[in-house]
Amino acid sequence: MTNRRQLLTGAAGIAAAALAGVNAVRAQTKLPDAGPLGDVWLGSPDAKVTIVEYASMTCSHCAHFHETTWPELKKKYIDTGKVRFTLREFPLDPLATAGFMLARCNGNDKFYPMTDLLFAQQRNWAFTEKPVDALATLVKQAGFTQESFEACLKRQDIYDAVTVVKDGGAKAGVDSTPTFFINGQKRSGALSIAEFDKILEPLLAN
C-alpha cells in the first residue's frame, strides 16, 4: 500500500511538473520578426534576458515609464550587459505614427535620441491645440528643417514600415501601451523599476 501510494504521489508530482512546464511554454509569446526597418537594439547580444517594448509616442503611460523607470532600467540592466532591449512602434493615433516616422527618417542611430526627446516633451507637442506645428518646432532641435520634416512625413516606405510593426504587435496580443515582452512573456502597463527587479532577477539568476 505504501509503495502504491508513493508511486501515485510521485506520478502526480511528475504530472504537475509537466503541466507547469506546458503552462510556462504557453505563457511564452512568439513575437513577429522586426519590420522592414529592423529593430534598434540596446545592450549586449549575449544578454540572458531580452525586453521588447511596444509603445505609442502619444501614450502618457509610456512617457511616464520613460521618465521614471527607463533611466534606471538602462543603467542597471542594459548598460551592464544583463538585458538586451528594443522599442517597437505601436502608434495609437496618426500623431504617434508621425512621431515614430520622424524617429526613423534619419537612420537607426537617431532613433533613441528622437524617441527620448518626444517622450520627454510629450506634453508640449502631443496635447496642444496645434500638435503638428508643435512637433515640427520640437524636432528642429534634432536637426530637422521644415522641409525635411514635411518630406519625412510624406515617405510611404516609412509609414508602411511602422504599420507593419504595429500590425505584428497586435497579432502578438498587444492591445494597450506600454506592453513588454520579457523573454517572450507579456507584461502590460508602465512597470516600475521595483517590478522589473522582481521579474528580472530570477531570470538572471538561472
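Trainee: Why is Asp 157 called partly exposed?

Mentor: Its relative accessible area is 42%. Buried means under 20%, exposed over 50%, and partly exposed in between (1.4 Å probe, protein chains only), so Asp 157 counts as partly exposed. By the way, this is a predicted model: local features need pLDDT of at least 70, side-chain atom pairs count only at pLDDT 80 or more, and totals for chains, interfaces and linings use all residues. Residues are numbered from 1 along each chain as its sequence is written, and side-chain values use heavy atoms, leaving out hydrogens and water.

Trainee: What makes Asp 157 and Arg 155 a salt bridge?

Mentor: That term needs a side-chain nitrogen of Lys or Arg within 4 Å of a carboxyl oxygen of Asp or Glu. Here the closest N and O atoms are 2.8 Å apart, so the pair qualifies. Arg 155, at 33%, is partly exposed too.

Trainee: How do you know that Asp 197 and Lys 76 form a salt bridge?

Mentor: Their N to O distance is 3.1 Å, so that pair fits the cut-off as well. Asp 197 sits in helix α10 (residues 193-205) and Lys 76 in helix α3 (residues 70-78), so the bridge ties together parts 121 residues apart in sequence. Helices (H or I, at least four residues) and strands (E, at least two) are DSSP runs, numbered from the N terminus.

Trainee: Are Arg 104 and Glu 89 buried or exposed?

Mentor: Both are buried. They form a salt bridge with N and O atoms 2.7 Å apart at the closest.
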